[in-house]
Number of protein chains: 2
Amino acid sequence: MNLKIATEIGKCLSNQTRFQIMEWLKEPEKNFPPHETLKHFNDGVCVTYIQEKAGLSQSTISTYLTNMEKCGLLISTRHGKWSYLKRNEETIKQFTDFLK
Amino acid sequence: MNLKIATEIGKCLSNQTRFQIMEWLKEPEKNFPPHETLKHFNDGVCVTYIQEKAGLSQSTISTYLTNMEKCGLLISTRHGKWSYLKRNEETIKQFTDFLK
DNA sequence: CAAATATATCTATAATTCTCGATATATAAA
DNA sequence: TTTATATATCGAGAATTATAGATATATTTG
């Protein structure tokens with residue numbers, strides 16, 4: 001972890017919707033409906049579910065998630081036409097350790 | 001810790017200077033000259049020293065520090081005409097626990 | 001291959017944040 | 001009580017971020 005990445009993570013965490021996404025992804029089963037195709041949450045939650053829950057436009061949420069992945073807060077996995085997002089616990093730990 | 005305060009902390013941590021102040025204040029003795037009047041760092045570091053180290057204007061740093069105190073990242077203590085700032089480890093822990 | 005679906009990117013305007021100089025306030029020193 | 005010093009607040013223009021609609025790309029399905 002370095003200062004630049006840490007502040008990029010800070011930017012992602014400076015917005016309530018983005019912070020909430022991090023919270024929601026702690027418990028996908030509790031916060032999202034089951035995936036019809038993918039029968040599990042091993043790789044996280046698809047963009048559409050996150051977008052619907054957040055109530056913002058598709059492009060806005062897509063931008064959020066892309067940036068959150070770029071700074072390492074999220075891990076993105078493609079399965080066919082869907083992108084699934086999950087928390088990157090390793091980076092999260094590096095960030096909190098850096099601050100503490 | 002709640003979502004609103006957490007995102008306010010995120011805003012403070014979204015800027016390299018502000019994040020660095022948090023880092024500098026981990027080790028005042030190492031990062032700042034000794035205080036002439038106050039002989040210790042028990043209450044942290046005075047605004048002027050932080051301002052000089054950061055290299056930004058007095059008003060900018062004062063605003064930074066005020067906001068960092070408002071969201072609980074820093075604790076401010078007045079001694080005469082000086083304000084001393086130190087990290088608020090309790091809030092920092094609450095924030096990192098909230099994210100994890 | 002055409003149509004449908006999911007996601008990503010582009011572009012532009014609105015909103016917010018950055019940063020400073022000017023000024024105000026509080027305290028100490030002369 | 002005037003002057004000096006440290007910090008806080010105000011006001012404004014510059015810079016950045018927010019957000020959406022339009023469009024592009026990728027993948028699946030018929």
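## The interface between chains A and B

Six residue pairs are in polar contact between chain A and chain B, counting pairs with both residues at pLDDT 80 or more. This is a predicted model. Salt bridges are absent here: the rule finds zero across the interface of chain A and chain B. In total, 22 residues of chain A are in contact with 22 residues of chain B. The two chains bury about 2100 Å² between them. Of that area, 71% is on carbon and sulfur atoms.

On the chain A side, three helices each supply at least two residues: helix 1 (3-12), helix 2 (16-24) and helix 6 (89-99). Helix 1 of chain A gives the largest share, six residues. By class, the side of chain A that touches chain B divides into nine nonpolar, seven polar and six charged residues.

## A closer look at helix 1 of chain A

K4(A) lies in helix 1 of chain A. The side chain of K4(A) makes a polar contact of 2.7 Å with the side chain of E8(A). T66(A) is 62 residues from K4(A) in sequence. In space, the two are 17 Å apart, C-alpha to C-alpha.

## The surface near DNA strand C

DNA strand C is surrounded by 20 residues. The closest come from both chains: T48(A), Q58(A) and S59(A), with T60(B) and Y64(B). On the DNA side, sugar and phosphate account for 66% of the strand C atoms that come within 4 Å of the protein.

Which elements each supply at least two residues of this surface? Chain A uses helix 4 (47-54), helix 5 (58-70) and strand 3 (82-87). Chain B uses helix 5 (58-70). By class, the surface near DNA strand C has ten polar, five nonpolar and five charged residues.

## Backbone atoms facing the DNA

Backbone N or O atoms also approach DNA strand C. For V47(A), such an atom lies 3.3 Å from a phosphate oxygen of the strand. For S57(B), a backbone N or O atom lies 3.0 Å from a phosphate oxygen of DNA strand C. K81(A) faces another part of the backbone of the DNA: a backbone N or O atom of K81(A) lies 3.5 Å from a sugar or linking oxygen.

## The sheet of chain B

Chain B has an open sheet of three strands in the order 1-3-2, with antiparallel pairing. Strand 1 (45-46) and strand 2 (74-79) of chain B stand at the edges. Each has a single partner strand, so one side of each is left without a neighbour in the sheet.

How many bridges join strand 2 of chain B to strand 3 of chain B? There are six, and these two strands run antiparallel. Strand 3 of chain B covers residues 82-87. Across this pairing, H79(B) stands opposite W82(B), and R78(B) stands opposite S83(B). Strand 1 of chain B pairs with strand 3 of chain B over two bridges, also in the antiparallel sense. There, C46(B) stands opposite Y84(B).

Strand 2 and strand 3 of chain B form a hairpin with two residues between the strands. In this hairpin, G80(B) takes a positive phi near 60°.

Methods. Residues numbered from 1 in each chain as written. Chains lettered and ligands numbered in written order. Predicted model: local features only at pLDDT ≥ 70, side-chain atom pairs only at ≥ 80, totals over all residues. Heavy atoms only, no water. Near = heavy atom within 4 Å. Polar contact = N/O pair within 3.5 Å; in protein donor to acceptor, adjacent residues only side chain to side chain. Helix = DSSP H or I, 4+ residues; strand = E, 2+ residues; numbered from the N terminus. Nonpolar A, V, L, I, M, F, W, Y, C, P; charged D, E, K, R; others polar. Contact = heavy atoms within 4.5 Å. Buried area = accessible area lost by both parts, 1.4 Å probe. Salt bridge = Lys/Arg side-chain N within 4 Å of Asp/Glu carboxyl O. Pairing = 2+ DSSP bridges.
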